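Work through the exercises below with the sequence and the structure side by side. Try each task before reading its solution.

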Amino acid sequence: GDNIYLTIDANLQFKLEKIAQDALKSTQAESLMLIAAQANTGEILSYISLPSTNLNEYPSADSHSKIDRPSVSAYEPGSVFKIFSTAAFLDSNSINANDSFLCDGKYIRTTNLGERIKITCLDHHGWTNIRTALKYSCNDALAQMSEKIDTEEFLDYIKKLGFGEKTGIELPSETRGSVKNTSDKYWSARSKATMSIGQEMSVSALQMVQAASILANYGLKTKLTLISKISDKDGNIKDSHTPEYKERVLKESTAKYILSCMETTAQSGTGSKGS
């Protein structure tokens, strides 16, 4: 008989649902996810999974419309993951902001066992650093950066950022996604370089939001939530959400630098269409 109050902002939800519906229609996509969160509290302000169903008609809805994609669907993150890879490289002191990497359109390396690794890039970006590599989403530079960090340390950063584990949000059947380790039978000499550009792994949209909030919180992890408060039938508050801060994942200086690189990418790089 208790009342549950969600963290969802009704006005924001309405506006973003309209944007999401228009995007789904214009792109003719099969599905779409959109989440907005208050990073410093972990509160989810908008939560959209399309196609969706009218809850008043839920029993008769088709199964495709009932899927809670942000929580249960795991997908390969791709280039968006590069902000987390570069954060790990920088935070571990494996590279610094001024290090340069020459992009000639492809990353090629031959291991001492004769295995040949090749990762193509979108362009010939020339000399790049962290900022310009993110600005142009340079696969070649990211793969070169991945050589500088110890493999186990890189995987540890991925885990600390929340990938490969449930976020613990108040939703059923949440996926863990999939993050390989060096003992995995599918691990290869190219795995670390490929994972640095968001491939050979799977994540949930909620995990991506949680990791992004770490950057927004200058390195601190905050637990995500959909519940603002719970009251009894008489309106007495039984529980009220207070932000739950977890461990520090990144140095404050690392997070601030990656955030500034994200601004550059949104203003004049590959993310400019979304700004």
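**Exercise 1.** In which loop is the place of Pro51?

Solution. The model is a predicted one, in which local features need pLDDT of at least 70, side-chain atom pairs count only at pLDDT 80 or more, and totals for chains, interfaces and linings use all residues. Residues are numbered from 1 along each chain as its sequence is written, and side-chain values use heavy atoms, with hydrogens and water left out. Pro51 lies in the loop between strand S3 (43-50) and helix H2 (69-72). Helices (H or I, at least four residues) and strands (E, at least two) are DSSP runs, numbered from the N terminus. Next, look at the bond before this proline: the peptide bond from Leu50 to Pro51 is cis, with omega near 0 degrees.

**Exercise 2.** Asn93 and Ser137 each have a positive phi; find where they sit and state whether each is buried or exposed.

Solution. Start with Asn93, which is not a glycine yet has a phi of about 65 degrees. Asn93 is in the loop between H3 and strand S4 (101-103). Its relative accessible area is 61%, so Asn93 is exposed (exposed is over 50%, buried under 20%, partly exposed in between, with a 1.4 Å probe and protein chains only). Then take Ser137, also not a glycine, with a phi of about 55 degrees. The loop between H4 and helix H5 (139-146) holds Ser137. Ser137 has 9% relative accessibility and therefore counts as buried.

**Exercise 3.** Describe the span of helix H9 and what covers its buried residues.

Solution. H9 runs over residues 252-268, 17 residues in total. From first C-alpha to last it reaches 25 Å, close to the 24 Å expected at 1.5 Å a residue (the expected span is 1.5 Å times one less than the number of residues). Its buried residues are Thr254, Ala255, Tyr257, Ile258, Cys261, Thr264 and Thr265. Their cover includes helix H3 (82-91), helix H4 (130-135) and helix H8 (205-216).

**Exercise 4.** How do H3 and H8 cross, and which residues meet?

Solution. The two axes come within 11 Å and cross at roughly 45 degrees (axes are lines fitted to C-alpha atoms, for helices over the stretch in contact, and angles run from 0 to 180 degrees between N-to-C directions). H3 is therefore oblique to H8 (under 35 degrees is roughly parallel, over 145 roughly antiparallel, 65 to 115 roughly perpendicular, the rest oblique). Finally, Ile83, Phe84 and Ala87 in H3 meet Met208, Ala211, Ala212 and Leu215 in H8, contact being heavy atoms within 4.5 Å.
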